Amino acid sequence: MRTASSRSLARWAPWLLLGLGPVLLVPLVALARGGGGENYTAPSSDRDSGGGGGAIPIELIFWVIRLTFRYPHIMLPLIGISVFAWRYYQRNVHPTGATQRAFQQREAEARTTVSTQDVQGWTHALRLKDPQFQLQPLLDKTRQLFVELQEAWFKRDMSPVRPFLSDATYQRFEVQLQLMKDQGVRDALTDIDVMDVQLIGLEQSEWFDTVHLRVRARMRDTDVPATASVAEAIAAAKRVPVEAFTEVWSFVRKPGVQTRIGADLFQGKCPHCGAPFAGGAANRCEYCGAIVNSGNYDWTLSEITQGIEHVRHWAQVDNLREARETDPALNLEMLEDRTSLLFWKWVDAQSHGTTKRLHKVASAEAISRLDEENTRLRERRQRKVFLECAVGGVITRGFELNPGGFDKAHVEVRWSARMGVGPANERPPALPTIPQRWVFTLLRKHGARTNTDNGMSTNRCPQCNAPLTDSAAVTCDFCGTALGTGERDWVLASADPLEAWDAREQRRFDTTQQAARRRNVVRPPVAAAAAAAASSAPPPGDDVVADPQERQRLLYMMAAIAASDGSVEPTERKLLELCARRWSVPWDNVQMALNSGPQLFTRLVPRGTPEAEVFLRHIVDMALVDGRIDRKERKMLEYAATHLDLTDKLPELLNGR
């Protein structure tokens, strides 16, 4: 016997479903891009928020099915009308992801547009050293490489294009393919069309010329199960719309290298001696011994950046000039490529729970820390999750010199991923794409020299130049040289979130200053002027106000901290909503961060620490963007300070405001 409420629902449900139908028919969208098309998150993008939205009530689904069987003559037409209404809404009214991507494409165009005079000037500068250089052949080869790289990515075998890629770029693709395999998916793409390739920048140094080429392309691209055949993958890609995008491909080449017309890798020849080159994992010519992807003989692809992330800037690197006094060949191109290589091996070590592939390029202490963390996760039957991992930029911050010991290089890696901790051997939880800023600290013995013979082929033994294997041995598999010690090449010493590194560097600086004062050291005028300039320079976190990724990262961290105790009060949620509105951060992603809690990050900011103080300082900088603190902003800052156990520090950071 039906109750009155049941009869009422049955009577009205068919008409109510006219409005509810679109909700039930929301499509699941999988976004990806093959090869160079990274998943690096763009400012204010909510493309990954679908995984954390509210679920459809089971009772509602039950009633839809029941009423469809009972009233098919009413329900079926209503469902059809609902589908039409939803499609019309998506195409004409709702600001969908397609619209957002169109805005991003427009911004990418603006960031990568240069004048004809600039292009002519860069071309002339290259021809001064290489009279045979012509721009159009380079653009044509890039167009060809783009298509071949996409095909290699689709086939999940990057070996055909390996000779054209730096070691770090190749490592990136290999790790990304493995991460997708672990996720149980593969990338499906078709209808690849390169619309335009254009020179948009040139950087020249004593060690490398770097050309930046804008690639405007379009393709059909989606994710399919890893078990899908080639035909099934192409059929799936055919069903999705064409998507246009802009990327910046950066190629490096040693200054003074001459263009060899008709004798390069594209013709299957060694770019050094012109002999036939058949490829191979070693990337070494069997006739002359040249390492073909070193950048010493021809252009090598060293970096792929999304157009929306491309910036033209010159970074200030602390102590670079002093570091070059003992290593004149030290250059940022090779160092940052080496850091990118270490980053991808670091991701691989955590995602697979084994540090084997790091043994030859990381210090024993760094490996020990990762092993301990992996062991703790295994004991709890958990694992690290890195989905859609991509790098946005690699920037050298500075050097620490230690005569008689080991020098340090601090290199910032800006990256993003759907990252967190999930159950082992199970589907990972829904996670938003989070922008990350980490500083990788590399070690090398003071006095060691950069081996420019290897160039951008940075995954090699410093003794015999053989490519490093993925074995667990800490010595070269070919010559037996001990690796991972930093005696001859840069190795990974630590990887820390920006706040942790910033706090540690501030403590080191304060300790050095105190020691100098105790010794009553009187610095010469030049040193004093340098110190004054350093003290007036903006701290590392001062760019958070203008950086959309930083705003997202800080807000997601606040959400994860708020949820770390298992519950989020309504007042806390309202304050987070306020921040999301004012900082232009998608609220759906913040909700996913709240649902994910502390597992969202590898570790939360420890409460009451200098690291937490750096984090709070960044939030204060955000609130002071308009030069004042209103009542709601003060309440938000007090909430953050309470969670960080820094209520006594807040007045000092506000400076009486």
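# Rings and a buried glutamine

Reader: Is Gln 436 buried or exposed here?
Author: Gln 436 is buried, since its relative accessible area is 5%. The cut-offs are under 20% relative accessible area for buried, over 50% for exposed and partly exposed in between, with a 1.4 Å probe and protein chains only.

Reader: Anything I should know about the model?
Author: It's a predicted model: local features need pLDDT of at least 70, side-chain atom pairs count only at pLDDT 80 or more, and totals for chains, interfaces and linings use all residues. Residues are numbered from 1 along each chain as its sequence is written, and side-chain values use heavy atoms, leaving out hydrogens and water.

Reader: Back to Gln 436, then. Where is Gln 436 found?
Author: In strand E7, residues 433-445. Strands (E, at least two residues) and helices (H or I, at least four) are DSSP runs, numbered from the N terminus.

Reader: And what does the side chain of Gln 436 join up with?
Author: With the side chain of Trp 438, through a polar contact of 3.1 Å. That term means a pair of N or O atoms within 3.5 Å; within protein, one must be able to donate a hydrogen and the other to accept it, and residues adjacent in sequence count only if both atoms are side-chain atoms.

Reader: OK, rings now. How many aromatic pairs are there?
Author: The structure has 16. Rings of Phe, Tyr and Trp (its six-membered ring) pair if their centres lie within 6.5 Å; planes under 30 degrees apart are stacked, over 60 edge-to-face, and the rest tilted. One of the pairs is Phe 146 with Phe 245: the centres are 6.3 Å apart and the planes at 35°, so this pair is tilted.

Reader: Where do Phe 146 and Phe 245 sit in the chain?
Author: They're 99 residues apart, so to speak in distant parts of the chain: Phe 146 in helix H6 (residues 135-155) and Phe 245 in strand E3 (residues 243-253). Phe 146 is buried at 0% relative accessibility, and Phe 245 is buried at 3%.

Reader: What about Trp 346 and Phe 440?
Author: Their ring centres are 5.2 Å apart with planes at 80°, so that pair is edge-to-face. It links helix H10 (residues 332-351), home of Trp 346, to Phe 440 in strand E7, 94 residues apart. Trp 346 is buried at 4% relative accessible area, and Phe 440 at 0%.

Reader: Which residues form one aromatic cluster?
Author: Phe 343, Trp 344, Trp 346, Phe 386, Trp 415, Trp 438 and Phe 440.
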